Amino acid sequence: MTSPDTKAGQVEAVNILYRDPSLYDAVQSDSTAAAMCRRLIEAHHPDARTLIDFGCGTARDLEILAKRFECIGVDVHPGMVDYARRTRPGLDVRTGDMRTVRLGTHVDVLTCLGNTLAYAHSNDDISHVFDTFARHARPGTLLVLCSPVAPLTGTGPTVSTLETPWGPATVTIHHGWDLRTQINTTYRHWSFPSGEEARDEIPRRVLFPRELEQYAQNAGFEVLDMLDAVGPELTGPTAYTVARRTS
C-alpha cells in the first residue's frame, strides 16, 4: 500500500483540480451531490445526527451537510484540507487516508462522494476502504457512496467551456478504458484565457454494481438502494449506493 503522502502526491501530479483548490471549487460549484445525499439520508435514516465525509476535498459538500448534521470531513490532500480550513473555518476537516484513517468514533452516516472511492485502484485498497467504513459504523449506520459503475467511453473528444477564477477555459476531454484493471482514465487538456495550458491524466477504478455490492456485504453492510442522480433507475456511468451496517 502506498503511503498517504505518496498517494496524495500522485493524484495532485495528474489532476490540476487537486493542485489548485480554488479551481476545484469553481468547477464543482454546480454539484448536486450534497443535496442528493441529504435526500437519501432523509429517506433511509431520518433521525441521523452525526456524519463523516471521506474524501471531503475543499469541504464544499460538507458545508452544506453541516447545516443538518454534526460533521467531520477527511481528505488525503493537505492542500485541500488547508484550503477548506481557510475558506470554511467553522468545519471540522482533517487530513487522513481513507484506507487507514481511524477517528475513534462511530457515527450515524458515512459518505464518500465525488468519485473518491474510484481512486482506490487495487482490490486490497478497496477492501481497506470498506474496512475503514466499518470501523466508524455501528449497527444501523448508513453508508452513502457516489462512484463510477460503468466506464466512460466515446469515439472522440468532447470540448466544453468552464468558468474559472481566471475567466472561461476551454477543456477537451477523452477517455481510455482498460478492461483488465477496470481503470477508466480521463484525459483533459485545459486552455486558459492567459494562453497557459494544462493536461490531466486521471485514472479511476470502476466497480460494477454487483462487485460494489459484494465489497459492501463483506464489510457488514446491506445494500438498500443503487440509483442514478437523475432518477430511480440505474442507467448511467455513476451511481449513488445506499447501504446500512448490519453487523
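Helices here are DSSP runs of H or I that hold at least four residues, and they are numbered from the N terminus. In this predicted model, one such run is helix 7, which spans residues 123–135, and Asp131 lies within helix 7. Asp131 counts as partly exposed because its relative accessibility is 26%, and the partly exposed class takes in what falls between under 20%, called buried, and over 50%, called exposed. Between the C-alpha atoms of Asp131 and Tyr119 there are 16 Å in space, while in sequence these two residues are 12 residues apart.

The strands can be followed next, starting from strand 2. Strand 2 covers residues 70–75, and 5 of its 6 residues are buried, so that the strand is mostly covered. On one side of the pairing, strand 1, made of residues 50–54, runs parallel to strand 2 and is joined to strand 2 by 5 bridges. Within this pair, Ile52 has Ile72 of strand 2 as its bridge partner. To pass from strand 1 to strand 2, the chain goes through helix 5, residues 60–65, and the β-α-β crossover made in this way is right-handed.

Strand 2 also pairs with strand 3, residues 93–95, and these two strands run parallel with 3 bridges between them. Here Asp75 stands opposite Thr95, a residue of strand 3. Helix 6, residues 78–87, belongs with strand 2 and strand 3 to a β-α-β unit, which is right-handed.

When looking at such strands, it helps to remember that in a regular strand the side chains alternate between the two faces of the sheet.

Terms used:
Residues are numbered from 1 along each chain as its sequence is written. This is a predicted model: local features need pLDDT of at least 70, side-chain atom pairs count only at pLDDT 80 or more; totals for chains, interfaces and linings use all residues. Side-chain values use heavy atoms; hydrogens and water are left out. Buried means under 20% relative accessible area, exposed over 50%, partly exposed in between (1.4 Å probe, protein chains only). Two strands pair if DSSP finds at least two bridges between them. A crossover is right-handed if, with the strands pointing away from the viewer, the path from the first strand over the helix to the second runs clockwise.
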